[in-house]
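Please look over the sequence and the model below before reading on. The paragraphs that follow lead from single residues to helices, ring pairs and the chain as a whole.

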Amino acid sequence: MILANLSIPALGLADTAMLGHLSSGQFLSAAALGSSVLTFIFWSFGFLRMGTTGASAQADPSGSSAVLAKALMLGGILGLLIALLHLPLTKFALALINTPDSLRPLAEEYLSIRLLSAPAVLCSYGISGWLIGQRNTKAPLAIAVLINSLNILLDYLFIVQWQWQSAGAAWASVCSEMAGLVIGLVICRRALGELGRQGWRGVLQARQSGKQFLADNGRIFIRTAALLFGFLFFTVQGAGLGDEILAANAILLQLVMASAYGMDGFAHAAEALCGRAFGQRDRRAFFAMCRACAEWSLLSAALATLILALLKQPIIHTMTDLPALRLLAGEFYPWMLAFPLISVASYLFDGIFIGALRTQAMQWAMLLCVFGIYLPCWYLTQNWGNHGLWLSFACLNGSRSLIMLGLFLRLGRASHWQQSENNIQTPS
């Protein structure tokens, strides 16, 4: 899962590096704005992966195919609606974030193209979540590597060779995302074939499990939307500080996401392993898995900080050759060294709570961190400029770690474990 996750920000890094070497920083800034809106839209539906993982991990073998079917149907319907409404969505979203007039045409072009792949993206979320819940991590790795390799190749063809600029980056992503859905369906053909034999009507008639599936996904949707609001707010405030600050922050955010995706490998492991133990009410196995994932997560965070510290200059110079952007990225780079250690616990606890389907706790914790800590911190540090913005963002991730830790300790005393007659001894 670490390898699969690291291939995801490779897309953003490749887009940023190729656009960052064009003659103008406007192409990178426009793609950054479009990507922020796109992230908010697509990741708002990240519940299709997270909710599916927990449900798949806790389902018995006969019910796991039904979980996949629900995710595909829901993802297909929602994705089709987004694709059909891509033009008004684009104009509304860019107006909402007050996109500068100089960037609006490029950002509109980028975003309207990317939204065409919504059905493929959302269905792929469900496939990925189902595979992780089934503890099949080789398949998501294969899918991610193939998709992202294709995307990087198309980036080079469309941006560098054909000079399509930011539109080229968008079309490269659309083509690779559609190819990813085809690959995912081929990998899941056995489960889909089983559904075909049993009849899809049974999936729709499973009303109680369907209601629970929608309820869990609804809570994860609210949680994810709040988090993505935090990212979008960060980008909008950066844009208000100038195009160069916006572009520099786009480079640094790619590095934050790269380290986060790497550390998320153990969070995904926790989703599957802790979810399976939680579903079986095996307290000893649950906490043993949590402890193992925590130890490796901390190690990965320390390693990420070390790599970022040692490779500062090569990383910045690879991302852009514009002197002003290199200077600004270097000025705010120390924040990159703090983020892995500040954020690692929040990533791990997200995985544990997703696996346990404790979605209500995740929802309220995120709302508190975004609206009770992040926004007030930003308001109080506006005079610090971009450093205040990065401090507020760090407080968001740090508070998530602390609050989720408190909720995890409460989970250890939950009545869920009292329903089991075995494995009730608290592990050391």
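A residue counts as buried when its relative accessible area is under 20%, as exposed when that value is over 50%, and as partly exposed in between. The model to which this scale is applied here is a predicted one. Because its relative accessibility is 43%, A288 counts as partly exposed. This residue is found in helix α14, which covers residues 283-310, and its C-alpha atom is separated by 10.0 Å from that of L273, a residue 15 positions away along the chain.

Another residue of helix α14 leads to the aromatic rings, of which a search of the whole structure finds 22 pairs. In one of these pairs, F287 and F408 meet edge-to-face, with 5.8 Å from centre to centre and 65 degrees between the planes of the rings. The two partners belong to distant parts of the chain, since F287 sits in helix α14 whereas F408 sits in helix α19 (residues 386-411), and their positions lie 121 residues apart in the numbering. With a relative accessibility of 18%, F287 counts as buried, and F408, at 13%, counts as buried too.

F408 also pairs with F349: the centres of these two rings are 5.4 Å apart and their planes stand at 35 degrees, so the pair is tilted. Because F349 lies in helix α17 and F408 in helix α19, this pair ties together parts that are 59 residues apart in sequence. F349 has a relative accessibility of 8% and therefore counts as buried. Elsewhere among the aromatic residues, ring pairs link F229, F231, F233, F234, F339, F371, Y374, W378, W390 and F393 into a cluster.

Helix α17, the helix of F349, also holds I354. At a relative accessibility of 2%, I354 counts as buried. Leaving aside residues up to four places away in sequence, I354 touches M50, G54, E271 and M362. The C-alpha atoms of I354 and A267 are separated by 9.3 Å, although these two residues are 87 positions apart along the chain.

How do two helices sit against each other when they pack? Two packed helices are described by the angle between their axes and by the distance between those axes. The axes of helix α16 (residues 323-332) and helix α17 (residues 334-355) come within 4 Å and cross at roughly 45 degrees. Because of that angle, α16 is oblique to α17. On the side of α16 the contact is made by G330, E331 and F332, and on the side of α17 by P334, W335 and M336. Sorted by kind, the residues of this contact of α16 with α17 comprise four that are nonpolar, one that is polar and one that is charged.

What does the secondary structure of the chain come to as a whole? It comes to 19 helices and zero strands. Of the 428 residues of the chain, 55% count as buried. Among the contacts in the chain with a separation of 6 or more, 84% are accounted for by residues 24 or more positions apart. The chain exposes about 18500 Å², and carbon and sulfur atoms supply 66% of that area.

Definitions and conventions. Residues are numbered from 1 along each chain as its sequence is written. This is a predicted model: local features need pLDDT of at least 70, side-chain atom pairs count only at pLDDT 80 or more; totals for chains, interfaces and linings use all residues. Side-chain values use heavy atoms; hydrogens and water are left out. Helices (H or I, at least four residues) and strands (E, at least two) are DSSP runs, numbered from the N terminus. Buried means under 20% relative accessible area, exposed over 50%, partly exposed in between (1.4 Å probe, protein chains only). Axes are lines fitted to C-alpha atoms, for helices over the stretch in contact, and angles run from 0 to 180 degrees between N-to-C directions. Angles under 35 degrees count as roughly parallel, over 145 as roughly antiparallel, 65 to 115 as roughly perpendicular and the rest as oblique. Contact means heavy atoms within 4.5 Å. Ala, Val, Leu, Ile, Met, Phe, Trp, Tyr, Cys and Pro count as nonpolar, Asp, Glu, Lys and Arg as charged, and the others, Gly among them, as polar. Accessible areas come from the Shrake-Rupley method with a 1.4 Å probe; for residues, only the protein chains shown count as cover. Rings of Phe, Tyr and Trp (its six-membered ring) pair if their centres lie within 6.5 Å; planes under 30 degrees apart count as stacked, over 60 as edge-to-face and the rest as tilted.
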